[in-house]
Amino acid sequence: MKFDFTGKVVIVVGGTSGINRGIAEHFAATGAKVAVASRSQEKVDDTVASLKQKGAADVMGFVCDVRNPDEVEEGLAKVHQAWGDFDSLVSGAAGNFPALASKMSANAFRTVVDIDLMGTYHVMRSAYPFMKRPGSSVINISAPQAYLPYEAQSHVCAAKAGVDMLTRTTAMEWGSEGIRVNSVVPGAIDGTEGMKRLAPTEPIRQMILEDTPMQRFGTPADVANLCLFLNSELATFISGQIIAVDGALYQRGSGTFNRKLAEPLYKM
Ligand code: NAP
Ligand code: COA
């Protein structure tokens, strides 16, 4: 099935690697104008060059740390000035590392909440005046941690649960203006930084596979396809939803892989 987003303006914050870069690539392949943003100028430049090389209609990039609302606002304003109102906003910048609640520093916990939750808020708040009314869509990239408790993930669980509640509340506040807001929850997506950090060994990877009823890891394309659908004419009455693309991972609950991940941390 082919989507055609020719002329549409799509912003992917955190779109310079992994899953989010995959989302940016998929939107670009539908004819959309795509802007990506992250902290590293090098990653932004590399993504912009790669999207252009793959034939994207129009590409922009800007550097910002989502923890800094001024940087986010300035970057989004530049895109708006160049291309006009936004059809789609994908907010997916995140930070993660395994650490126990009692052992990490207050700054470590705050760092993840600042990137994932405050960052998502800054992105949404700054983009809000620029969203097309009616007919635009916001997608926040969440995680299973938002509704499944995992050891060594208290900071991420707290932050991503907050992201999903932001999704649900803003879907209510912005619905009458024709702005839809949804969360997309990737399962275990292979070849990503998130997997490197949470599934660093083969035994842990195997445990995740056992916890995933469909018995395979996901790909960035799996997640991107859901984002394309949510931004399409097929989804114009879908808002306020938390939608997983996880091979049914959620049905087995938290599983045990993270117990294995946390084991060495208890001994430290
Ligand atoms: P990733 O490759 O590390 O992607 C994170 C992106 O966010 C990068 O572009 C990074 O670029 C940017 N970023 C990080 N901190 C930032 C900050 N403070 N300000 C601005 N940009 C920032 O990770 P990934 O594994 O693909 O994960 C992508 C998303 O999917 C995340 O929201 C994650 O929670 C979610 N997710 C992933 C998995 C998985 O299996 N990987 C599972 C569930 C959910 P810079 O370094 O240049 O800033
Ligand atoms: N265990 C415990 N604490 C850790 C940690 C770990 N593995 N990694 C970082 N921290 C702590 C640091 O020690 C610091 O706390 P302190 O000041 O009390 O020492 C705090 O977290 C902030 O670390 P810092 O390196 O200064 O943060 P940063 O802003 O440069 O980077 C991170 C943010 C830590 C989230 C970094 O891992 C990152 O940039 N991640 C983005 C990519 C990513 O996580 N992708 C996966 C997405 S699922």
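The legends below describe close-up views of salt bridges in a predicted model. Residues are numbered from 1 along each chain as its sequence is written, and chains are lettered from A and ligands numbered from 1 in the order in which they are written. Local features need pLDDT of at least 70, side-chain atom pairs count only at pLDDT 80 or more, totals for chains, interfaces and linings use all residues, and side-chain values use heavy atoms, with hydrogens and water left out.

**View 1. Salt bridge between Asp 46 and Arg 21.** The closest N and O atoms of the pair are 2.9 Å apart; a salt bridge is a side-chain nitrogen of Lys or Arg within 4 Å of a carboxyl oxygen of Asp or Glu. The contact links distant parts of the chain, with Asp 46 in helix α2 (residues 41-53) and Arg 21 in helix α1 (residues 18-29), 25 residues apart. Helices are DSSP runs (H or I, at least four residues), numbered from the N terminus. Arg 21 is buried at 16% relative accessibility, whereas Asp 46 is partly exposed at 44% (buried, under 20% relative accessible area; exposed, over 50%; partly exposed, in between; 1.4 Å probe, protein chains only).

**View 2. Salt-bridge network containing Arg 21 and Asp 46.** Glu 25 and Lys 54 are also linked in this network. The whole structure holds 13 salt bridges.

**View 3. Salt bridge within helix α3.** Lys 78 and Glu 74 meet at 3.7 Å, N to O. They are separated by about one helical turn because they lie 4 residues apart in helix α3 (residues 69-83).

**View 4. Salt bridge within helix α6.** The side chains of Lys 196 and Glu 193 meet at 3.7 Å, N to O. In helix α6 (residues 193-198) the two are 3 residues apart, so about one helical turn separates them. Lys 196 is exposed at 57% relative accessibility, and Glu 193 is partly exposed, with a relative accessible area of 41%.
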